[in-house]
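Student: I should like to study a single part closely. Please explain the strand pairing, and then what packs against it.

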Amino acid sequence: MTKIIVSRQAKDNRVIGFRMTGHSGFAAAGKDIVCAAVSVLAQSAYYCLKMHLEQSLDYSAQEGSLSLFLKEAPNAQTEAAFMVAVLGFQAIEEAYPRYVKVLDN
């Protein structure tokens with residue numbers, strides 16, 4: 001199962017980052033559509049924040065884990081970028097609850 005933990009700033013509840021761990025186990029490596037779906041959402045959030053919004057990030061991607069966190073305070077634009085990913089993660093969790101778990105703190 002892939003677990004995604006979303007972290008929010010206490011004062012305004014804006015997303016400051018997320019951490020993904022584990023493998024979905026839906027199918028064999030290279031054929032796992034659930035893994036591909038959550039991965040593309042995470043990578044898209046990274047590219048939007050880094051390349052388009054030019055945010056400073058703490059980012060790490062390794063086999064079985066990915067973390068993406070802002071180094072500075074969130075704003076309306078970073079919130080929009082993160083929420084595209086978070087809403088996508090939640091939709092995948094709804095469709096594949098045995099394979100993805102989203103914890104939105």
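Tutor: Let us begin with a single pair of residues: the bridge partner of Ile-4 is Val-102, which belongs to E5. The model is a predicted one, in which local features need pLDDT of at least 70, side-chain atom pairs count only at pLDDT 80 or more, and totals for chains, interfaces and linings use all residues. Residues are numbered from 1 along each chain as its sequence is written, and side-chain values use heavy atoms, with hydrogens and water left out.

E1, residues 2–8, and E5 pair in the parallel sense, and five bridges join these two strands. (A strand is a DSSP run of E, at least two residues, and a helix one of H or I, at least four, numbered from the N terminus; strands pair if DSSP finds at least two bridges between them.) The pair is part of an open sheet of five strands with mixed pairing. Read across the sheet, the order is E3-E4-E2-E1-E5. At the edges lie E3 and E5 (100–104), each of which pairs on one side only. Neighbouring strands of the sheet are turned against each other by 10 degrees on average, direction ignored.

Two helices can now be added to this picture. H1 lies across E1, E2, E3, E4 and E5, and runs at about 30 degrees to E4. (Axes are lines fitted to C-alpha atoms, for helices over the stretch in contact, and angles run from 0 to 180 degrees between N-to-C directions; contact means heavy atoms within 4.5 Å.) H2, residues 76–95, also packs on the sheet, where H2 touches E1, E2, E4 and E5. The direction of H2 makes about 140 degrees with that of E5, the strand that holds Val-102, the partner of Ile-4.
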